[in-house]
Amino acid sequence: MAEASRWHRGGAPKPKLHYRKEVEIRTTLQELSLYFIFLINLCILTFGMVNPHMYYLNKVMSSLFLDTSVPGDERTNFKSIRSITDFWKFMEGPLLEGLYWDAWYTNKTLYNLKNSSRIYYENILLGVPRVRQLRVRNNTCKVYSSFQSLMSECYDKYTSSNEDTSDFGLKQETEWKYSTPNSSSPWHWGFVGVYRNGGFIFTLSKSKSDTKNKFINLRLNSWITRGTRVIFIDFSLYNANINLFCIIRLVAEFPATGGIITSWQFYSVKLLRYVSHYDYIIASCEITFCIFLIVFTTQEAQKIREFKSAYFKSVWNWLELLLLVLCFVAVSFNIYCNIQIFLLLEDLLKNTEKYSDFYFLAYWYIYYNNIIAITIFFAWIKIFKFISFNKTMSQLSTTLSRCLKDIVGFAIMFFIIFFAYAQLGFLVFGSQVDDFSTFQNAIFAQFRIVLGDFNFAGIQQANRILGPIYFITFIFFVFFVLLNMFLAIINDTYSEVKADYSIGRRPDFELGEMIKKSCNNALEKLRLKKPQKDEDDKGMKGDLAEQARREGFDENEIQSAEQMKKWKERLEKKYYSSEIQDDYQPVTQQEFRELFLYAVELEKELHYVSLKLNRVMRRISALQN
């Protein structure tokens with residue numbers, strides 16, 4: 001009957017708070033344990049993709065092709081090329097010597113593997129290298145009328161619409177004829193343009209002498225002209241000792257300003273994924289990763305179905321969704337890369353007389369690696385969801401959430417001043433200082449100034465008046481004023497939060513305390529640790545009773561005080577604990593009776609205190625009279 005009345009008054013009876021907290025603790029610990037297993041699996045998977053030999057292979061190859069000087073001119077290498085003459089010297093010198101290793105250092109023939117070169121005796125040159133040129137048409141820009149008598153030709157910067165697709169020069173071999181681009185190959189993003197595939201292409205020979213004659217013939221017949229905008233040198237290597245492919249691209253851009261800007265790409269990738277026993281361990285981690293992904297997706301789908309729109313109000317839920325999306329993208333990239341490697345690798349290795357385009361495979365493998373890196377970054381960030389129950393972490397999160405509005409207002413003011421200085425620096429120093437050559441570079445240069453990395457000499461040399469004024473005022477307003485304002489906002493808010501926590505406004509529970517209590521309870525149940533609380537309480541009660549007897553209180557008053565203290569502790573634990581939530585809890589008849597008795601005892605105590613005070617006041621007034 002009582003249960004029925006409670007159904008009518010407040011709905012279904014809810015479980016007790018202590019039980020709800022225990023369930024919440026158990027659920028949180030289970031989620032944390034499961035997530036740690038997932039994180040360890042993901043770490044093994046990602047670190048298994050990276051080989052320390054990748055760095056050394058890139059370093060060795062870059063040193064060979066970038067730092068080797070032209071014979072007779074030690075100041076000229078690929079990095080320092082500035083003219084067409086320097087470019088041909090590199091092609092006929094360091095490039096030629098670096099690609100063809102057909103004999104041991106004692107001039108003895110060491111290998112006879114289909115006449116393939118072995119760079120540094122360990123790295124097989126796959127197929128033959130390829131050289132590719134992109135050009136622009138004449139009259140793609142307009143010459144000012146006053147200068148048309150001096151210059152009638154005009155070659156604009158490279159764009160796909162300005163590209164020259166007509167044959168030129170001797171028009172006999174492939175290097176003089178335009179080849180249509182391959183739709184599957186990615187475009188190249190250079191310093192001064194974005195370049196598509198295709199162009200005027202030729203492949204090198206297996207013979208070193210034939211390749212050298214080819215370079216001389218192209219140089220004498222002016223293969224590089226005013227319309228040339230970029231030249232790509234592509235080749236691939238394989239090192240069987242460490243099971244790594246090294247895909248190399250050397251780029252020489254010919255901007256409309258004249259001169260040459262060089263850049264390069266060295267990609268060491270592991271295209272053959274499953275070779276050693278350790279690789280099969282990584283494969284098992286990949287399968288486990290997919291299982292975790294299915295489990296987590298099912299859990300989040302259930303939460304969305306249960307909470308509906310309220311699910312999207314939590315930042316941690318958004319992070320969970322972002323992590324799931326990144327995981328699915330990573331799995332998709334992995335499947336795509338493996339399929340492409342399976343389909344293309346055998347065909348690329350079949351004909352050693354042609355260029356093997358491994359750049360396409362390396363490009364997508366690098367993207368897969370980047371996605372995995374971003375995924376594991378957010379996977380580690382998600383740990384804050386679990387340790388936010390800790391007091392210190394809760395203080396930090398509360399501080400950031402409280403000062404969010406102030407930080408947004410500060411950020412608006414900061415970036416107004418910051419972008420104003422960035423535009424000033426770009427317009428004043430952009431034509432002379434590399435750090436301010438573009439607006440984007442100016443923004444990053446100012447961030448580096450804040451961190452203490454700056455080129456004051458270059459700024460001062462660019463403008464002796466505005467340079468020092470710009471630097472000093474920027475340091476004063478941004479570094480000394482705005483950054484200190486930002487720190488003051490954080491410090492003040494943190495002080496307020498810490499003060500609130502000191503007076504008892506703290507989160508519902510701390511995960512560390514829960515784990516500690518659970519361990520203590522387990523030890524006590526196993527009788528490995530004696531319970532301390534009861535003994536301490538008995539000792540404290542005995543000490544207080546002895547003190548009360550010494551002060552002249554009778555036994556009835558002492559027993560009444562002890563009974564009242566028991567009621568007080570029980571009621572405070574039930575109704576005034578920091579673990580209580582704000583939801584409605586029905587009150588039973590027994591609980592109401594206890595509250596009533598407690599109120600009666602409080603009334604007696606207040607009446608007794610009032611009588612004592614009146615007696616004291618009468619005595620004081622009698623003494624005064």
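**Close-up A. The second largest cavity of this predicted model holds about 50 Å³ of space.** Lining this second largest cavity are Val433, Asp435, Phe436, Ala445, Arg448, Ile449, Asp453, Phe454, Asn455 and Ile459. Sort those residues by class and you get six nonpolar, one polar and three charged. Helix 12 (residues 439-450) chips in with three residues, the largest share of this lining.

**Close-up B. Here's the largest cavity, with a volume of about 70 Å³.** The count for the structure comes to three cavities of 30 Å³ or more. Around the largest cavity sit Gly48, Met49, Lys270, Arg273, Tyr274, Asp279, Ile282, Glu286 and Tyr365. Which helices supply at least two residues each to this lining? They are helix 2 (17-49) and helix 6 (277-307). Helix 6 takes the largest share, with three residues. By class, the lining of the largest cavity splits into four nonpolar, one polar and four charged residues.

**Close-up C. Tryptophan 101 meets tyrosine 121 edge-to-face.** The structure holds 55 aromatic pairs, and in this one the rings are 5.3 Å apart centre to centre, with 85° between the planes. The pair ties together distant parts of the chain, 20 residues apart. Tryptophan 101 belongs to the loop between helix 4 (84-99) and strand 1 (118-119), while tyrosine 121 lies in the loop between strand 1 and strand 2 (123-135). Buried or exposed? Both tryptophan 101 and tyrosine 121 are buried.

**Close-up D. Phenylalanine 333 and tryptophan 364 make a tilted pair.** Why tilted? The planes of the two rings are at 45°, which falls between the 30 and 60 degree cut-offs, so the pair counts as tilted; the ring centres are 5.8 Å apart. This pair also links distant parts of the chain: phenylalanine 333 is in helix 7 (residues 315-350) and tryptophan 364 is in helix 8 (residues 359-381), 31 residues apart. With a relative accessible area of 17%, phenylalanine 333 is under the 20% cut-off and therefore buried. Tryptophan 364, at 26% relative accessibility, counts as partly exposed because that value lies between 20% and 50%.

**Close-up E. Two arginines park their charged ends over aromatic rings.** For arginine 135, the ring underneath belongs to phenylalanine 168, and the charged end is 4.0 Å from the ring centre. Arginine 249 has its charged end over the ring of tyrosine 359, 3.8 Å from the centre of that ring.

Notes: Residues are numbered from 1 along each chain as its sequence is written. This is a predicted model: local features need pLDDT of at least 70, side-chain atom pairs count only at pLDDT 80 or more; totals for chains, interfaces and linings use all residues. Side-chain values use heavy atoms; hydrogens and water are left out. Rings of Phe, Tyr and Trp (its six-membered ring) pair if their centres lie within 6.5 Å; planes under 30 degrees apart count as stacked, over 60 as edge-to-face and the rest as tilted. Helices (H or I, at least four residues) and strands (E, at least two) are DSSP runs, numbered from the N terminus. Buried means under 20% relative accessible area, exposed over 50%, partly exposed in between (1.4 Å probe, protein chains only). A charge sits over a ring if NZ of Lys or CZ of Arg is within 6 Å of the ring centre and within 35 degrees of the ring normal. On a 1 Å grid over the protein atoms alone, a cavity is a set of points where a 1.4 Å probe fits but cannot get out, and a pocket is an open set with protein on both sides within 12 Å along at least five of seven lines; lining residues have an atom within 4 Å of a point. Grid points are joined across faces, edges and corners, and a volume is the space filled by probe spheres set on the points. Ala, Val, Leu, Ile, Met, Phe, Trp, Tyr, Cys and Pro count as nonpolar, Asp, Glu, Lys and Arg as charged, and the others, Gly among them, as polar.
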